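Hi everyone, thanks for making time. I'd like to walk you through a structure that will be new to most of you, so please have a look at it first.

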Amino acid sequence: MKYLIFLDIDGTVLSPKGIHPRTVNAIAKARALGHKVFINTGRSYHIIPKEVKSRLELDGIVCGLGTCIAIDGEILLSEYVSREDVKTIMDFAKKHSNRLSIEGENGFVSYCGPCFLGKEFEVFSYEDMYERFPDIKVSKFALERRLNEEEIKELSDRFPVFNHPHYAEVGIAGHDKATGMRDVARLLKIDDLHFIAMGDSYNDIEMLEEADIGVVMGNAPEDMKENTDFVTLTCDEGGVGYAIEKLVLGE
């Protein structure tokens, strides 16, 4: 049996300490046996860490909460937010004084405050953004603080909202990490689907439930570990590598 293996980035393959060698080696071994390995991240394509691309042998990347898919370095699926919806989310961020990261397939800017890229990527209005970055393809949004129930209600009829312990993500309706997995299988014309998915965060839940085997990281919130197929070691301990060894390589 060959698997399509989907891996979150932050807290799954990558920690502040980097990528564990056990994870690097196990991915290489799995691919050598004919399994295919993909990143599946909430990050937009523009901000995939260089370390992930350079250290891991990958078949492709699903990013922006399922809105963009690259296989063998070629972008084969690209969905992005309409300008009308961009304005809606920018207005929401301003109303609630919540710094907004506007993440694109081909760019990244912030609103209501500067981002980690620096002040030159801060925009001050909807008009300012599209004047300075006219070609940006917006994949998703991240808000600096998590949303309360009323704020979620304000958005959730039109946008999927993923509330994390310290921030929130807003995506495009009809797309998430699970749809990204199915789209990869469709693009590869694979009918006999066998998915393994690994993650540590609430925006991973859909792909973990979609997978034949859902793997939750040891550093994930405790409630994510209650109804999953396999709980692995933490990211810092090489949990992805350990799970691949046990579930795929039979080591």
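Let me start with a question: leaving out residues up to four places away in sequence, which residues does Thr-179 touch? They are Gly-66 and Gly-174. Before we go on, please keep in mind that this is a predicted model.

Let's stay with Thr-179 for a moment. You'll find Thr-179 in helix H6, which covers residues 177–187. Its relative accessible area is 11%, and because buried means under 20%, Thr-179 counts as buried. Its side chain also reaches the backbone oxygen of Asp-176, at 2.9 Å.

Now for the sheets. One open sheet has eight strands, and their order is S5-S4-S3-S2-S1-S12-S13-S14, with mixed pairing. At the edges stand S5, residues 74–78, and S14. Each of these two has a single partner strand, so one side of each is left without a neighbour in the sheet. Within this sheet, take S2, residues 36–40, and S3, residues 60–63: these strands run parallel and are joined by three bridges. If you want a spot to click on, Ile-39 stands opposite Ile-61 in S3.

From Ile-61 we can hop over to Asp-200. The two are 139 residues apart in sequence, and their C-alpha atoms are 18 Å apart in space. Asp-200 sits in the loop between strand S12, residues 195–199, and helix H7, residues 205–210. Is Asp-200 buried or exposed? It is buried, with 11% relative accessibility. Setting aside neighbours within four places in sequence, its contacts include Asp-8, Asp-10, Gly-11, Met-217 and Asn-219. Thr-12 is another residue in contact with Asp-200, and the side chains of Asp-200 and Thr-12 are joined by a polar contact of 3.1 Å.

Next, please find helix H8, residues 239–249. How many of its eleven residues are buried? Eight of them are, and the helix is mostly covered. Among the buried ones are Val-240, Ile-244, Glu-245 and Leu-249. The cover over the buried residues of H8 includes strands S1, S12, S13 and S14, along with helix H1, residues 21–32. Just after H8 comes Gly-250, which takes a positive phi of about 70°.

On to the other sheet I wanted to show you. This one is open too, with six strands in the order S8-S7-S6-S9-S11-S10 and mixed pairing. Its edge strands are S8, residues 122–123, and S10, residues 161–163, and each pairs on one side only. Helix H3, residues 83–95, packs on this sheet, where it touches S6, S7, S8, S9 and S11. The direction of H3 makes about 10° with that of S9.

Inside the sheet, S6, residues 100–104, pairs with S9 in the antiparallel sense over five bridges. One pair to look for is Gly-104, which stands opposite Val-138 in S9.

My last stop is Ser-139, also found in S9, residues 138–143. With 1% relative accessibility, Ser-139 counts as buried. Not counting residues up to four places away in sequence, Ser-139 touches Ser-44, Gly-64, Thr-67 and Val-81, among others. Glu-105 is also one of the residues it touches, and here a polar atom of the Ser-139 side chain lies 3.3 Å from the backbone nitrogen of Glu-105.

That's my tour. Thanks for listening!

Technical notes:
Residues are numbered from 1 along each chain as its sequence is written. This is a predicted model: local features need pLDDT of at least 70, side-chain atom pairs count only at pLDDT 80 or more; totals for chains, interfaces and linings use all residues. Side-chain values use heavy atoms; hydrogens and water are left out. Helices (H or I, at least four residues) and strands (E, at least two) are DSSP runs, numbered from the N terminus. Buried means under 20% relative accessible area, exposed over 50%, partly exposed in between (1.4 Å probe, protein chains only). Contact means heavy atoms within 4.5 Å. A polar contact is a pair of N or O atoms within 3.5 Å; within protein, one must be able to donate a hydrogen and the other to accept it, and residues adjacent in sequence count only if both atoms are side-chain atoms. Two strands pair if DSSP finds at least two bridges between them. Axes are lines fitted to C-alpha atoms, for helices over the stretch in contact, and angles run from 0 to 180 degrees between N-to-C directions.
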